[in-house]
Amino acid sequence: MNDASWNNPLRDDGDRRLPRIAGPSVLVLFGVTGDLSRKKLLPAIYDLANHGALPPGFGLIGFGRRDWSTEQFIAEIAPSIRENARTPFREEVWRQLTNGVRFVQGAFDDTDSFRRLRETLDDFDAEHGIGGNHAFYLSIPPKNFEQVIGQLNTHGMTDQSRGWKRAIIEKPFGHDLASSQVLNDVVSAAFPAESVFRIDHYLGKETVQNMLAFRFANMMYEPIWNRNFVSDVQITMAEDIGIGGRAGYYDGVGAARDVIQNHLFQLMALAAMEEPNSFSPTDLRREKEKVLEASAVVGDLRSHSANGQYAAGYQGGREVIGFLQEEGINPTSVTETYAAIRVDIDSRRWAGVPFFLRTAKRAPRRITEIALNFHRTPHMPFSQPDIEQLGVNSLVLRIQPNEGIQMVFGAKVPGTQMEIRQVGMDFSYTGSFTESSPEAYERLILDVLLGDPPLFPQQREVELSWQILDPVLDLWACSGTPEQYPAGTWGPANSDAMLARDGYAWRRP
Amino acid sequence: MMRLENTDARQINQALNEMRDQGRGASGQVLTLVINIDAYDTDEAMHMAEQAAEQHPSRILVARRGGTNTHPLNAAIKATSSTEVITLDFSGQMDRHVSSVLLPLLLPELPVVVWWPTRAPNELYADELCTLTNRLIVDSARATHPTTMLANLARDHRPCTTDLAWARLTRWRALLVAALDQARSKVLSASVTAPADSTPSDLMAAWLELKLSIAVERPEPDSGYPGLQSVELLTEAGPVVVRRISRTDAVLSLPGQPEREVALARRTMKALITEELTRLSGDTAFDELMDHIAKREG
């Protein structure tokens with residue numbers, strides 16, 4: 001009866017109305033008391049339940065050090081779910097979800113607690129007909145991976161022979177190429193490559209999928225999506241906040257490892273890649289890998305990279321302290337909070353088009369975007385004063401906030417003789433479609449439960465990304481304290497100089 | 001809110017342009033939704049139209065038909081940053097020339113959807129509004145004679161026409177799919193319990209018939225909840241039952257497992273219409289189902 005070939009006659013691919021529903025499964029959450037769990041993961045799981053995307057009898061097992069009973073655990077997580085869920089809180093959904101919630105108290109080094117986890121899983125399987133399908137979400141520091149995965153292995157919880165076993169891991173995937181390989185060895189010792197899901201929550205955002213639709217479902221952008229028309233591409237992820245309470249994590253890691261290595265390289269790959277033959281995971285990954293293989297920071301590393309640390313100042317009307325004064329940060333730290341690099345992609349489509357990637361803490365505002373700047377018109381039948389106010393044409397894919405697309409071009413100012421000025425044409429996803437976009441984690445968790453991997457980067461992509469970044473990181477490691485930039489500004493002077501030397505300028509996002 | 005008495009489409013368009021000039025117009029709209037209601041319909045229909053408007057960045061044309069005003073056409077315009085709701089009161093002979101008013105008010109090129117929230121015409125495709133688009137939404141569950149209406153719909157069905165009675169079943173169907181995933185067993189027979197004249201239940205029974213190639217029993221219910229009450233699939237492993245116990249909950253039982261409560265709230269009109277407008281490309285599963293019903297009846 002439990003043969004894998006069983007086909008549910010009620011399932012129908014043509015039935016687009018039915019929500020994608022995960023099959024019977026249990027999600028085991030390590031690091032359940034962490035910030036990410038409270039703010040993102042648990043609310044996302046509730047939202048999935050609210051959409052009817054989780055099967056009845058779906059299991060959620062929290063594993064943590066606290067001395068909680070399951071009831072206490074449920075009472076603990078209820079407020080954060082109420083507060084952070086995207087969809088309204090409904091008692092009946094909550095009841096259904098909590099029926100499947102369990103808490104296992106334990107520590108990573110305690111064999112006994114993993115035996116209890118195993119028992120809890122076995123009991124749950126037997127009672128709810130889960131069929132041994134278990135996903136392990138490791139929302140814990142990578143240094144604990146080896147221990148936890150080892151324990152799972154010892155207690156027979158990674159055995160794929162009855163039901164699937166999947167591991168979900170979060171960035172950072174190492175701190176350089178070598179360490180990412182070590183980390184991968186640890187994980188792949190227990191889980192085969194197709195069962196490891198690396199979460200990059202940017203890839204779960206609708207806009208990234210919208211980007212695929214935008215580029216490959218439309219006729220009018222493809223002809224200009226190349227070096228003939230594009231002069232440079234600027235990918236920005238800026239945050240208005242400082243490092244907050246993350247000093248322990250951030251010092252020694254820095255902006256480039258935290259953001260460029262994963263999020264920005266993935267965005268770059270999606271923006272620059274050729275059209276995949278299909279959106280199957282293999283085809284999509286192949287195209288992204290081709291871009292990353294052809295990418296490098298070329299020439300003099302010093303002139304094609306820039307870094308900085310935010311200094312005390314005013315950010316958006318509030319006085320804030322500098323990075324080196326933050327609690328828990330070594331006052332002589334050389335960790336950067338601003339990182340920018342110029343990447344060149346050696347391909348027919350992009351040769352000679354610089355991709356400028358930057359990320360910043362304590363920027364003037366929070367924004368993530370990909371901007372394509374176009375060449376200037378080769379000949380202008382207008383006089384210089386007419387086009388004084390005309391900048392370059394650009395196409396901006398805004399990831400967050402307010403996901404959308406903006407086109408910037410010149411238009412005549414009404415009533416003047418002939419005066420041309422920059423105008424923006426804006427399309428907003430939230431404003432134009434009925435359903436509010438699901439949170440990235442909702443999408444990604446459901447994809448894991450369904451075993452649908454196109455949005456998850458694989459080890460090869462992680463390694464290629466480190467290959468691009470490692471030389472720059474090595475340079476910075478021996479360059480002393482990064483330049484200070486006042487909090488609330490768009491970064492240090494050496495970053496502006498980096499573009500100016502090559503004849504470009506940062507756009508103000 | 002701007003009111004125009006004894007007006008025409010030209011004046012309405014002018015008013016919309018003026019509002020836009022003053023920065024009160026809407027932008028980023030993705031479709032035109034025509035809502036057809038009767039002048040003597042209660043405020044409920046109007047309320048539903050407003051609910052839909054809340055949710056959808058679109059131009060909404062509420063056509064209130066068969067009024068008894070002195071003026072053949074009165075209009076009221078309300079605009080937010082994403083939606084314009086234009087209520088059109090048709091009286092006297094203007095009622096037979098509705099599309100002449102609607103056609104100039106449709107957004108260029110974007111999809112047009114016509115929705116009858118209450119009674120839809122008996123001869124749906126003969127209605128003048130069908131000249132505007134092929135995307136039609138009706139609601140057999142709210143018709144005066146639901147079963148007759150559903151039979152007519154199935155007989156005349158064309159792709160891109162959908163029935164909200166079908167959207168009411170989405171959660172039920174999802175639950176049954178998930179339940180059968182767990183039971184993993186061949187279904188031998190099925191029964192659908194509901195009061196007579198419930199078209200969602202008719203659709204549920206027909207869907208099970210079609211998908212499982214079995215006859216579906218239709219016992220009368222012994223409790224008083226309106227609408228679909230329970231679905232039972234008798235599998236080789238034992239019965240799979242979904243039974244409603246309140247407006248928000250149902251009980252699911254699976255072979256060899258304890259009964260458990262599952263969330264199964266009755267869906268709001270807003271949720272139903274959102275589901276319809278999310279997929280304008282048609283619903284092949286529903287087309288097949290209507291074919292099946294037509295063949296069975298025919």
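Mentor: A definition to start: contact means heavy atoms within 4.5 Å. The model is predicted, so to speak of local features takes pLDDT of at least 70, side-chain atom pairs count only at pLDDT 80 or more, and totals for chains, interfaces and linings use all residues. Residues are numbered from 1 along each chain as its sequence is written, chains are lettered from A and ligands numbered from 1 in the order written, and side-chain values use heavy atoms, without hydrogens and water.

Trainee: Which strands of chain B does α3(A) lie across?
Mentor: Helices (H or I, at least four residues) and strands (E, at least two) are DSSP runs, numbered from the N terminus. Axes are lines fitted to C-alpha atoms, for helices over the stretch in contact, and angles run from 0 to 180 degrees between N-to-C directions. α3(A) runs at about 135° to β14(B). The strands it lies across are β13 (249-253) and β14 of chain B.

Trainee: Which are the edge strands of the open sheet in chain B?
Mentor: Two strands pair if DSSP finds at least two bridges between them. The order is β10-β9-β11-β12-β13-β14, with mixed pairing. An edge strand pairs on one side only. Here those are β10 (216-217) and β14 (260-263) of chain B.

Trainee: In what sense do β9(B) and β10(B) pair?
Mentor: Strands of a sheet pair through backbone hydrogen bonds, either parallel or antiparallel. B:Ala190 stands opposite B:Val216 in β10(B). Strand β9 covers residues 187-193, and its 2 bridges with β10(B) are parallel.

Trainee: Which helix of chain B packs on β9, β10 and β11 of chain B?
Mentor: Look for a direction at about 175° to that of β9(B). The helix spans residues 199-212. It is α7 of chain B.

Trainee: How many salt bridges link chain A and chain B?
Mentor: A salt bridge puts a side-chain nitrogen of Lys or Arg within 4 Å of a carboxyl oxygen of Asp or Glu. One joins A:Arg95 to B:Glu261, with closest N and O atoms 3.5 Å apart. Between chain A and chain B, the count is 8.

Trainee: Which element gives the largest share of chain A's side of the contact with chain B?
Mentor: The contact takes 38 residues from chain A and 49 residues from chain B. On chain A, α3 (91-99), α4 (111-128) and α12 (429-432) each give two or more. The largest share, 5 residues, comes from α3(A).

Trainee: Which residue of chain A meets B:Glu275 in a salt bridge?
Mentor: The N to O distance is 2.8 Å. B:Glu275 sits in helix α8 (residues 269-278) of chain B. Its partner lies in the segment before β1 (26-30) of chain A. That partner is A:Arg17.
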